[in-house]
Amino acid sequence: YHSVYDSFNWMETEVDPDFSYHVAMSQIWGLVTISLAGTAGRHPSIVPFNFTLQAEAIYSYIADLKETLNVSERLDFGSLDRASTA
């Protein structure tokens, strides 16, 4: 649950200064997603998840963001570009 007192500064100074809990939770939810999607030949797919379509959607979201904001000269999209093509 969140309150009006939650802020980036509070999170950075009091709760998770190196954001290691955030990284861990992201990894856990990623593994949960992969588990739910199943793996070909090993486990039945509980929730069908098409990684190719998901990657294409994320790539198009980034492209739309760049086009809509029109701030590529002020923002560095390098990390997003590398992650979306990996």
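Is P48 buried or exposed? In this predicted model, P48 counts as exposed, because its relative accessibility is 71% and the term applies to values over 50%. The residue is found in the loop between α2 and α3, the latter helix spanning residues 51-69. A separation of 14 residues in sequence lies between P48 and I34, and their C-alpha atoms are 9.9 Å apart in space.

The overall architecture of the protein chain is helical in its secondary structure, with four helices and zero strands. Read from the N terminus, the order of elements is α-α-α-α. The chain has 86 residues, of which 10% count as buried. Its exposed surface comes to about 7400 Å², and 62% of this area is supplied by carbon and sulfur atoms.

Aromatic pairing was examined across the whole structure, and one aromatic pair was found. The partners are F8 and F19, whose rings are stacked, with a distance of 5.7 Å from centre to centre and an angle of 20 degrees between the planes. The arrangement is assigned as stacked because planes under 30 degrees apart fall in that class. Distant parts of the chain are linked by this pair, since F8 belongs to helix α1 and F19 to the loop between α1 and α2, with their positions 11 residues apart in sequence. The two partners were also considered for their accessibility. F8 is exposed, because its relative accessible area is 56% and the limit for this class is over 50%. F19, by contrast, counts as partly exposed because its relative accessibility is 22%, a value that lies between the cut-offs of 20% and 50%. The backbone of F19 is also notable for a positive phi of about 60 degrees, although the residue is not a glycine.

The loop between α1 (8-15) and α2 (20-37) also holds D16. This residue is buried yet has no salt bridge, and R82, the nearest side chain of opposite charge, is 22 Å away. A polar atom of the D16 side chain does, however, lie 3.1 Å from the backbone nitrogen of S20. When neighbours within four places in sequence are left aside, the contacts of D16 are with M11, Y21 and H22.

Further along the chain, F77 occupies a place in the loop between α3 and α4. F77 is buried, because its relative accessible area of 8% falls under the limit of 20%. The C-alpha atom of F77 is separated by 8.4 Å from that of K66, a residue 11 positions away along the chain.

Helix α4, formed by residues 78-85, includes T85. In contrast to the buried F77, T85 counts as exposed, because its relative accessibility is 58% and the class begins over 50%. T85 is 30 residues from A55 in sequence, and the C-alpha atoms of T85 and A55 are 8.3 Å apart in space.

Methods. Residues are numbered from 1 along each chain as its sequence is written. This is a predicted model: local features need pLDDT of at least 70, side-chain atom pairs count only at pLDDT 80 or more; totals for chains, interfaces and linings use all residues. Side-chain values use heavy atoms; hydrogens and water are left out. Helices (H or I, at least four residues) and strands (E, at least two) are DSSP runs, numbered from the N terminus. Buried means under 20% relative accessible area, exposed over 50%, partly exposed in between (1.4 Å probe, protein chains only). Lys and Arg count as positive and Asp and Glu as negative; His and the chain ends are not counted. A salt bridge is a side-chain nitrogen of Lys or Arg within 4 Å of a carboxyl oxygen of Asp or Glu. A polar contact is a pair of N or O atoms within 3.5 Å; within protein, one must be able to donate a hydrogen and the other to accept it, and residues adjacent in sequence count only if both atoms are side-chain atoms. Contact means heavy atoms within 4.5 Å. Accessible areas come from the Shrake-Rupley method with a 1.4 Å probe; for residues, only the protein chains shown count as cover. Rings of Phe, Tyr and Trp (its six-membered ring) pair if their centres lie within 6.5 Å; planes under 30 degrees apart count as stacked, over 60 as edge-to-face and the rest as tilted.
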